[in-house]
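User: Before I rely on the labels attached to this fold, I would like to go through how each of them is justified. Please set the values against the criteria as we go.

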Amino acid sequence: MSSISLKKLNKTYGALTVVHDIDLEIADKEFIILVGPSGCGKSTTLRMIAGLEEISDGELWIGDDLVNDVPSKDRDIAMVFQNYALYPHMTVYKNMAFGLHLRKVSRETIDGEVKAAARILDIEHLLNRKPKALSGGQRQRVALGRAMVRNPDVFLLDEPLSNLDAKLRGTMRAEITKLHKRLDATFIYVTHDQVEAMTMADRIVVMKDGHIQQVDTPQALYDRPVNMFVAGFIGAPQMNMLPVTIERRGEGFVARFEDRELPLPPSLDRARIAPYEGRRAVLGIRPENFHEVPPADIDPGATVRFPATVELAEPMGAEIHLNLLAAGRPIIARVSPRCRARDGETVDLVADLTGAHLFDPETERSILA
């Protein structure tokens, strides 16, 4: 049983608290990812789970065991580091076997475990090489193999792909996801890359300043962020945030943005919007919800014309990112690669508000969540 429970977990260095009252339940065999900007406390949390950082306060349970004072080597956990931490003077085989040698496992068992892991990771042909003769992706596989041979219940991975180029990161994302399914173990993964989090995780833990902001599935985080930080962090390019005033129009509401009215569609919860009538709010619109023409599958009543001036068009191959100015405010739109807008031109986009978000400008909490 490799479920993990963090109960009011804290980490302090003197008067500085870097992890605050973390409550988190991680299910057996779950792939969970801690994500957030640098300094948010995600790696410190991972290292407390590993036993590499002392827990200042709170409880850490692995299965039915309280492990606050259990040494790292006795926690049945394997960790894969950002810099791989391979021994340069040892061959791949010896790097993978080293931990088992320390445990005084028999040579026959070590040989079987190392070769089995090498087959899974497709590095059998590298077993006699030393790390300096390997590419970054190959070193990453060796680090994973070294963790695999221990047959742990829990794998901890601390930004394992950050040193790889973009193409190899994409390949290794898929490889690690397949490895998780094959090994049937619990994976806890740390990254600052929200693309990794969205594509790999069963659930994502979004952190900021040592606090958990939201825990949910990737799609739920994208569709229903609880605050402006999560809304801006999940999704690329990040969500556009427009200062608006909520006004009533008949049975419904509009968001007044400078000199234009943006009708809020009936699909948005009017009961939650009503207390903000006459008050300021922040309207969130994702870049992909701007279109050159109204999409055929969207209710025309949920769209509004949105003229803006192109400051910079960034061709991305499959799409174009338009950096725009609307009423003096910068926004970004993801549009079709067939868009012919040029820098300095005015484009008359269509904003789809069915997926719009509203936030309280003071608390930054979602009004609709």
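Analyst: Two strands count as paired if DSSP finds at least two bridges between them, and this criterion is applied here to a predicted model.

User: What makes β3 and β9 a pair, and which residue stands opposite V35?

Analyst: Strand β3 (residues 31-35) is joined to strand β9 (residues 203-208) by four bridges; because the criterion asks for at least two bridges, β3 and β9 count as paired, and they run parallel. The residue opposite V35 is V206 in β9.

User: Why are β6 and β10 called edge strands, and what is the order of the sheet they belong to?

Analyst: The sheet is open and consists of six strands in the order β6-β7-β8-β3-β9-β10, with mixed pairing. Both β6 (77-80) and β10 (211-216) pair on one side only, and they are the edge strands. Neighbouring strands of this sheet are turned against each other by 15° on average, with direction ignored.

User: Which helix packs on that sheet, and what does it touch?

Analyst: Helix α4 (residues 136-148) packs on the sheet and touches β6 and β7 (154-158), where contact requires heavy atoms within 4.5 Å. The direction of α4 makes about 170° with that of β6; angles here run from 0 to 180 degrees between N-to-C directions.

User: How do you know that helix α1 is largely enclosed by the rest of the structure?

Analyst: A residue is buried when its relative accessible area is under 20%, and seven of the nine residues of α1 (residues 42-50) are buried, so the helix is largely enclosed by the rest of the structure. The buried residues are K42, T44, T45, L46, M48, I49 and A50. After α1 comes G51, which has a positive phi, near 90°.

User: What makes β17 mostly covered, and which strands pair with it?

Analyst: Five of the seven residues of β17 (residues 320-326) are buried, and the strand is mostly covered. Strand β16 (residues 303-315) is joined to β17 by six bridges and runs antiparallel to it, with P315 standing opposite I320. Strand β18 (residues 329-335) also pairs with β17 in the antiparallel sense, over seven bridges, and here L325 stands opposite P330.

User: How many residues lie between the strands of each hairpin, and which residue takes a positive phi?

Analyst: The hairpin of β16 and β17 has four residues between its strands, and G317 takes a positive phi near 95°. In the hairpin of β17 and β18 there are two residues between the strands, and A327 takes a positive phi near 50°.

Definitions and conventions. Residues are numbered from 1 along each chain as its sequence is written. This is a predicted model: local features need pLDDT of at least 70, side-chain atom pairs count only at pLDDT 80 or more; totals for chains, interfaces and linings use all residues. Side-chain values use heavy atoms; hydrogens and water are left out. Buried means under 20% relative accessible area, exposed over 50%, partly exposed in between (1.4 Å probe, protein chains only).
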